[in-house]
Amino acid sequence: MIDRRDNGIGIPSSLLELMPYRISDAIRRMTPSVAGDRCEEIRLRLLKMSTLTLSRGGTAPLGVYLDRGEMDMTVDKLCGGSLYAHGDTIKKGYISLPGGIRAGVCGRAAAEKGSIIGVGEINSINIRIPHAVKTDPTPICDLLSSMDYSKGVLIYSPPGEGKTTLLRSVAAELSKVSGGSGMRVSVVDTREELEFGLSGKNSTADILSGYPKAAGIEIALRTLNARVIICDEIGNEEEARAILDASNGGAALVASAHASDIGGLMAKRGIRMLHDSGVFGAYVGLRRQEGRLKLTVTMRDEVGVC
Amino acid sequence: MLIRAGGALMIVFASIFASADLIKREKRRIECVEGFLALVSYIKDRIECYSTPIKNILADCDPAILKKLGLDDPVSDFGQMISVCEGLLSEETLKTLREFSSTLGKSYRDVQIRVCGKTIGELEGQKNSLNAAYPSKRKTVIALCMALGGMAVIALI
């Protein structure tokens, strides 16, 4: 488990222990000067400046240029000394850490027939630290209820606005036993980011950790008899097609996608395909304003088709 | 005379115990290699089937394997397991295990499984050699201890 006690700017102390000494030392020395701000990302780069991304929009240089040995050691530590256990996710560009933390990685890829078969010589690591944005899942839950859970909801926003946090809140609220509906909720947690916060005894959500979306949705429908399925970041057309095949089973799908507005969302062929098939009954745009989330709801009928 | 007879008796007992101890040690050497063989096979299975992180694999290790290695409780580091058995292992086995330890968790699944397979093959060979040599070693140890004991008794009396 990740030790949630942080260093004053939101970096869990157990995460600092995974960093090279020069980085953790630079962060410790920098902390007083950025007190009151929150660290959203730690960006480590090979032979380039490592930086922190702060919640007020600034980038704080750490004054450290990591060498190959330090990068390799960091990757080894992030993988818990078991690179093979993270091989599949590294090929997809990330390493999942406990506590909903995700480290994006890139390096030298070996590809075969257009697919990445291995990634070595990691030269950039971007550790995203989940931040507590106040989220109220009620509007999403009300939307689902108003559609009698026959249609899903797609949450969209640019990266870093809080889609994952909102999805977690919705999953927690719908699956809550005491003071909630205790609904049959399945969370297809491909990137192992959603389960954080859903492990409490009050949640009845079934968590499918690490499952590919289509396979996870199929299992959620066929064997777990889910009423609501929650999954993060629907991407390409191929993925959307697989989701479509798997999801024609009567459960409401609550998912998220990267887009800055509804036009941009509908420009994505995969999303458009799901829209045309009526998988989603409503689209909810997110914007973070002064630490709170602002929601813009567009019903399916209101989406202009061009 | 009585003291000499007592001394001779002690030498005979010492010879018997020494030979028993040396034979037991030889058995422990084989057991230790068998333990590592079982451990590496177990690691290979867990990586092949579930891609389980090495920390969890070692933490869930079968007590029977640990017993063969002379451990009561699981340890979190493969290198530590080698250290515990260092005195019982040949240079060749130590080299095999150290090489395995240095690559454990450092490569992707396919490569890791191949490394496990290679290590299992090498350990199998070393175990077979030890097993083949065991009967003759046993005879040599018994003969040597008895001869030395007998010589000491004769010299004493």
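The following questions and answers concern a predicted model.

Student: Is strand 8 of chain A, residues 185–189, largely enclosed or exposed, and why?
Tutor: Residues count as buried when their relative accessible area is under 20%. In strand 8 of chain A, 5 of the 5 residues are buried, so the strand is, with respect to the rest of the structure, largely enclosed.

Student: Which residues of strand 8 of chain A point the other way from A:V185, A:V187 and A:D189?
Tutor: In a regular strand the side chains alternate between the two faces of the sheet. A:V185, A:V187 and A:D189 point one way from strand 8 of chain A, and all residues on both sides are buried. Those that point the other way are A:S186 and A:V188.

Student: Which residue stands opposite A:V187 in strand 10 of chain A?
Tutor: Strand 10 of chain A covers residues 228–231 and pairs with strand 8 of chain A in the parallel sense, over 4 bridges. Within strand 10 of chain A, the residue opposite A:V187 is A:I230.

Student: Which residue of strand 9 of chain A stands opposite A:D189?
Tutor: Strand 8 of chain A also runs parallel to strand 9 of chain A, residues 206–209, and 4 bridges join them. In strand 9 of chain A, the residue that stands opposite A:D189 is A:S209.

Student: Which residues lie closest to the centre of the largest pocket?
Tutor: The largest pocket holds about 1500 Å³ of space. Its lining comprises 49 residues, and the closest to the centre are A:A85, A:H86, A:S96, A:E192 and B:P53.

Student: How many charged residues are in the lining of the largest pocket?
Tutor: By class, the lining of the largest pocket includes 22 nonpolar and 17 polar residues. The number of charged residues in this lining is 10.

Student: Which element gives the most residues to the lining of the second largest pocket?
Tutor: The second largest pocket has a volume of about 620 Å³. Its lining has 20 residues, and those nearest the centre are A:K92, A:R191, A:K213, A:N236 and A:E239. Two or more residues of the lining come from each of helix 4, strand 6, helix 7 (213–222) and helix 8 (237–247) of chain A. The element that gives the most, with 3 residues, is helix 8 of chain A.

Student: How many charged residues are in the lining of the second largest pocket?
Tutor: The lining of the second largest pocket divides by class, with 6 nonpolar and 5 polar residues. Its charged residues number 9.

Student: Which helix supplies the largest share of the largest nonpolar core?
Tutor: The largest nonpolar core has 39 residues, and B:F36, B:L39 and B:I43 are among those with the most contacts inside it. Helix 1, helix 2, helix 3 (63–68), helix 4 (78–85), helix 5 (91–103) and helix 6 of chain B each supply at least two residues of this core. The largest share, 11 residues, comes from helix 1 of chain B.

Student: What is the C-alpha to C-alpha distance between B:E34 and B:L69?
Tutor: B:E34 is found in helix 1 of chain B, and its relative accessible area of 25% makes it partly exposed. Leaving aside neighbours within four places in sequence, B:E34 is in contact with B:K68, B:K127 and B:N131. B:E34 and B:L69 are 35 residues apart in sequence, and their C-alpha to C-alpha distance is 8.7 Å.

Key:
Residues numbered from 1 in each chain as written. Chains lettered and ligands numbered in written order. Predicted model: local features only at pLDDT ≥ 70, side-chain atom pairs only at ≥ 80, totals over all residues. Heavy atoms only, no water. Buried < 20%, exposed > 50% of the residue type's maximum accessible area, 1.4 Å probe, protein only. Pairing = 2+ DSSP bridges. 1 Å grid on protein atoms, 1.4 Å probe; cavity = no way out; pocket = protein on both sides within 12 Å on 5 of 7 lines; lining within 4 Å. Points joined across faces, edges and corners; volume = space filled by probe spheres on them. Nonpolar A, V, L, I, M, F, W, Y, C, P; charged D, E, K, R; others polar. Core = buried A, V, L, I, M, F, W, Y, C linked by side-chain atoms within 4.5 Å. Contact = heavy atoms within 4.5 Å.
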